[in-house]
Amino acid sequence: MPDLPVKIIDSHTGGEPTRIVIGGGPDLGSGSLAERRQLFARDHDSFRSAVIDEPRGGDVWIGGLICPPVNPEACAGVVFFNNVGVLNMCGHGTIGLAATLAHMGRIGPGEHLLETPVGDVRIQLHDANRVTLVNVPSYRYRSAVELEVPGHGSFRGDIAWGGNWFFLVEDHSLELELANVDQLTEVTWSIRQALEEQGVTGEEGGLIDHIELFGPAQGDADSRNFVLCPGRAYDRSPCGTGTSAKLACLIDDGKIAPGQTWRQESIVGSIFEGVGVVEEGELIPHVTGTAYVTAETTLVFNDQDPFTMGIPS
Ligand code: PYC
């Protein structure tokens, strides 16, 4: 059980919740954020579960542990985690983290450097809630990959990196409606399993653990998506890393130009604005969204409580 009081601040970004541990988390040393992510996964999984799994959290929650940065010019480092393990990166979580740091008075309007396990990103705080994530370089790795999904037929999708690995599918007959979430979850989970079973990966064997379906927008946007996260929950936001991966595909296909805004709507109707900017030959997604702080809490751990360290998913 944690030795110190564990303090958290909760927020949501376009409906998707983020729980930032601002105190009492494990000391992960002073290595790179990639090393600290590995340490967290190896040695602190019970802490992860206690913070993010039921009964304190649930499968939709994304956690973030704030760490001291390696570079003193960075405002912080962060390791993101979810109901089943650690994440490479999280876009909505970064926007939530920015709103949290602003709420704490740790950052003000302007641009700030943030260290993550997949590289440095920048956060532009426009006001207390509106944030642009300037993400890691994003790219399409393979296009039009044919995948046979047992029980569901065949799907053609692109494999792209936006800080996490995505399989992006446009060509399908599913209706992206909140009422269809069970069906959408079932199909995308089957796609995820088929990718793993058939050894289809991102570059250098990277696990494709996010599946993204696209359809027509219902609001004032260019497209609507449904994103399945690694722990089988769906993203209520349009997914920051998923929007980054989408921008890479759209620009590769010549469907939008660098610098052009793409409005991505989520399955709950929230919107991220994405712009792909080419810097030194790399595509840098700028993803803008809005986050609101919802709670400031100290977690209570009781050794009489059989579920005090969470119910692992
Ligand atoms: O916004 O990148 C994102 C994200 C990943 C998982 C949930 N949200």
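**Group meeting talk: helices, salt bridges and unusual backbone angles in a predicted model**

Arg19 and Asp10 are both buried, where buried means under 20% relative accessible area, exposed means over 50%, and partly exposed lies in between (1.4 Å probe, protein chains only). The side chains of these two residues, Arg19 and Asp10, meet in a salt bridge at 2.8 Å, N to O. By salt bridge I mean a side-chain nitrogen of Lys or Arg within 4 Å of a carboxyl oxygen of Asp or Glu.

Before I continue, a word on the source. The model is predicted, so local features need pLDDT of at least 70 and side-chain atom pairs count only at pLDDT 80 or more, while totals for chains, interfaces and linings use all residues. Residues are numbered from 1 along each chain as its sequence is written, and side-chain values use heavy atoms, with hydrogens and water left out.

Let me stay with the salt bridges. Side chains of opposite charge can pair when their charged atoms come close. How many salt bridges does a search of the whole structure find? The search finds 18.

One of them joins Glu186 and Arg232, with the closest N and O atoms 3.8 Å apart. Glu186 belongs to helix H4 (residues 181–197) and Arg232 to the loop between S12 and H5, so this pair ties together parts that are 46 residues apart in sequence. Helices (H or I, at least four residues) and strands (E, at least two) are DSSP runs, numbered from the N terminus. Glu186 counts as partly exposed, at 36% relative accessibility. Arg232 also counts as partly exposed, at 35%.

Another salt bridge is formed by Arg224 and Glu265, whose closest N and O atoms are 2.8 Å apart. This pair links distant parts of the chain, Arg224 in strand S12 and Glu265 in strand S13 (residues 261–265), 41 residues apart. Are these two residues buried or exposed? Arg224 is buried, and Glu265 is buried as well. In addition, a network of salt bridges links Arg140, Asp158, Asp252 and Asp253.

I turn now to the helices. The expected span of a helix is 1.5 Å times one less than its number of residues. For the 17 residues of H4 this rise of 1.5 Å a residue gives 24 Å, and the end C-alpha atoms are 24 Å apart, which agrees. The buried residues of H4 include Val181, Leu184, Ile191 and Leu195. What covers the buried residues of H4? The cover includes strand S8 (139–149), strand S9 (153–161), strand S10 (165–169), S11 and S12. After H4 comes Gly199, with a positive phi near 70 degrees.

Helix H5 (residues 240–252) has 13 residues and reaches 19 Å from its first C-alpha to its last, close to the 18 Å expected. Why is H5 described as largely enclosed by the rest of the structure? Twelve of its 13 residues are buried, so the description follows from that count. Among the buried residues are Gly240, Lys246, Cys249 and Ile251. H5 is followed by Gly254, whose phi is positive, near 70 degrees.

Helix H1 (residues 33–43) and helix H2 (residues 45–52) form a pair whose axes come within 5 Å and cross at roughly 85 degrees. Axes here are lines fitted to C-alpha atoms, for helices over the stretch in contact, and angles run from 0 to 180 degrees between N-to-C directions. H1 and H2 are therefore roughly perpendicular to each other; angles under 35 degrees count as roughly parallel, over 145 as roughly antiparallel, 65 to 115 as roughly perpendicular and the rest as oblique. Phe40, Ala41 and Asp43 of H1 make the contact with Asp45, Phe47 and Arg48 of H2, contact meaning heavy atoms within 4.5 Å.

My last topic is the backbone. Most residues other than glycine have a negative phi, and most peptide bonds are trans. Which residues does a cis peptide bond join? The cis bond joins Glu54 and Pro55, with omega about 5 degrees. Pro55 sits in the loop between H2 and strand S3 (62–67).

Ala144 is not a glycine, yet its phi is positive, about 50 degrees. Ala144 lies in strand S8 and counts as partly exposed, at 44% relative accessibility. Arg232, already met as the partner of Glu186, has a positive phi of about 80 degrees although it is not a glycine.
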